[in-house]
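Hi,

Here is the structure I promised to pass on. Have a look at it first, and my notes on what turned up follow below.

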Amino acid sequence: MAAYIITCITLSKLFTEINYKLVYHIKMKTTMAIKVMLLAMALSHDSMAFGAGTVGINYGRLGNNLPPPARVVEFLTKDLNYAIPSVRIFDPEPEVLSALATSNLSVCLGVKNQDLAQMAGSMDYTRNWVREFVTPYTKGGNGTLKLRYITAGNEIIPGTEAVCVLPAMKNIQQVLEQENVPNVGVSTVLSAAALGSSYPPSNGSFATEVATTLNEISKFVYSKGAPLMINVYPYFTLASDPQQVTLDYASFRSTTPVAQDGDRNYFNLFDSIVDSFIAAMVKAVGKEDVKVVVTETGWPSAGSNLPHASVENAKTYNSNLKKHIQTLGGTPRRPNLNLETFIFALFNENQKPEGTEQNFGSFYPNLQEVYPLWR
């Protein structure tokens with residue numbers, strides 16, 4: 001055992017001494033021996049110590065042909081054997097919560113946007129919400145929900161109800177403490193619209209009209225050790241500006257740097273967007289060790305006249321994303337970020353708006369995979 005511990009410590013020290021750029025930007029001409037060594041180290045027992053992250057799934061239910069929640073949880077835990085370790089749900093549906101509470105899946109639970117105003121204005125409303133949707137599932141009779149995060153709203157900033165978000169977050173935090181529900185991060189989910197500047201990534205800053213609100217939210221989550229939640233969609237950036245953004249850059253296929261920010265090289269758009277949010281938070285908080293979680297990212301397999309929405313591109317993006325997160329888990333700015341990420345989505349949902357929105361799923365409602373990703 002002592003020899004094993006010494007070996008693990010030696011490997012860990014060796015890995016931390018390897019220049020990050022060598023790991024992050026392996027060139028095509030890198031020798032096979034070095035590739036094998038790095039892969040073995042990334043997959044070793046101590047891989048999390050090297051900065052590896054986790055990849056979960058968004059479980060949306062906007063479909064009239066989806067399997068019941070109990071079957072979904074059985075599918076995730078038994079059929080897939082926890083290949084997907086964490087699940088994000090958008091609203092507190094009791095049947096879903098009860099099913100998840102029977103598992104060891106880590107859960108990110110959303111507060112619906114339409115509930116935020118009441119939650120912000122009433123501690124009693126917030127307390128009743130927590131007592132109805134949190135405490136029964138995290139304690140006692142309905143199982144033990146592995147609740148990791150609660151998100152106050154989804155992409156509500158910028159918007160007319162942005163002012164409700166922070167008061168709602170504070171009320172949730174206070175009630176969780178009063179109800180003795182520990183170790184649950186309280187945050188909110190932002191889209192790229194929350195950024196006023198994103199290029200180069202070190203210039204990342206919040207949009208002027210929401211900067212005050214987001215600066216205060218950033219300070220709050222930082223003070224509690226919680227992350228800011230962000231939705232990152234290189235696909236939509238590519239679709240909106242195909243003349244400036246290449247498919248390779250958007251889908252983790254570039255083998256040479258596409259963008260440079262000081263001494264940081266960016267081989268993919270995902271990292272660039274994440275680092276832009278990190279820069280915005282750092283400016284708000286004044287500390288470098290801020291946290292983010294990618295609550296949504298993904299690629300549609302159909303639904304658009306543009307050539308980029310295809311099964312092949314969806315498979316490529318999500319497969320490369322998984323490899324990127326699970327073996328590196330960081331970005332050029334924060335190589336040891338241990339980034340948590342949720343792919344959108346578990347199912348193709350036929351009650352979402354027609355087009356690409358209905359085609360982000362990893363699985364069809366009959367539980368057949370759209371393309372190989374999780375097995």
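Strand β2 (residues 86-89) is covered on both faces: S86 and R88 point to one side, V87 and I89 to the other, and all four are buried. That split fits the usual pattern, since side chains in a regular strand alternate between the two faces of the sheet. One thing to keep in mind throughout is that this is a predicted model.

On β2's pairing: β1 and β2 run parallel and are joined by two bridges. Across from V87 in β2 stands I57.

Zooming out, β1 and β2 belong to a barrel that eight strands close, in the order β1-β2-β3-β4-β5-β8-β11-β12, with parallel pairing. From one strand to the next, the twist averages 25°. Elsewhere in the barrel, β5 (residues 185-190) and β8 (residues 228-231) also run parallel, again with two bridges between them. V189 has M229 in β8 as its bridge partner.

Now the helices. Two of them lie across barrel strands:

- α10 (residues 211-223) lies across β5 and β8, at about 150° to β5.
- α14 (residues 311-327) lies across β1 (54-58), β11 (292-297) and β12 (340-343), at about 165° to β12.

What does α10 pack against? One partner is α9 (residues 165-178), at an angle of about 15° and with the axes 10 Å apart. An angle that small makes α9 roughly parallel to α10. The crossing of α9 past α10 is left-handed. On the α9 side the contact involves V165, L166, M169, K170 and Q173, and on the α10 side E216, I217, F220 and V221. Sorted by class, that gives six nonpolar, one polar and two charged residues.

Another partner is α13 (residues 269-285), which packs with α10 at about 85°, the axes being 9 Å apart. Angles from 65 to 115 degrees count as roughly perpendicular, so that is how α10 and α13 are arranged. Here α10 brings N215, S218, K219, V221 and Y222, which meet M281, A284 and V285 of α13. By class, this contact has five nonpolar, two polar and one charged residues. V221 of α10 turns up in the contact with α9 and in the contact with α13.

Two single residues also caught my eye. First, is T341, which sits in strand β12, buried or exposed? It counts as buried, because its relative accessibility is 0% and the cut-off for buried is under 20%. Setting aside residues up to four places away in sequence, T341 touches T54, V55, G56, F270, V294, T297, L321 and I325. Of these, T54, V55 and G56 fall in β1, V294 and T297 in β11, and L321 and I325 in α14, going by the residue ranges.

Then there is K352, in the segment after β12. With a relative accessibility of 15%, K352 is also under the 20% cut-off and therefore counts as buried. Which residues does K352 contact, leaving aside neighbours within four places in sequence? They are L62, F344, E357 and Q358. K352 and G60 are 292 residues apart along the chain, yet their C-alpha atoms are separated by 9.9 Å.

Over to you, and shout if anything is unclear.

Cheers

Technical notes:
Residues are numbered from 1 along each chain as its sequence is written. This is a predicted model: local features need pLDDT of at least 70, side-chain atom pairs count only at pLDDT 80 or more; totals for chains, interfaces and linings use all residues. Side-chain values use heavy atoms; hydrogens and water are left out. Two strands pair if DSSP finds at least two bridges between them. Axes are lines fitted to C-alpha atoms, for helices over the stretch in contact, and angles run from 0 to 180 degrees between N-to-C directions. Contact means heavy atoms within 4.5 Å. Angles under 35 degrees count as roughly parallel, over 145 as roughly antiparallel, 65 to 115 as roughly perpendicular and the rest as oblique. A crossing is left-handed if the near helix is turned anticlockwise from the far one by less than a right angle, and right-handed if clockwise. Ala, Val, Leu, Ile, Met, Phe, Trp, Tyr, Cys and Pro count as nonpolar, Asp, Glu, Lys and Arg as charged, and the others, Gly among them, as polar. Buried means under 20% relative accessible area, exposed over 50%, partly exposed in between (1.4 Å probe, protein chains only).
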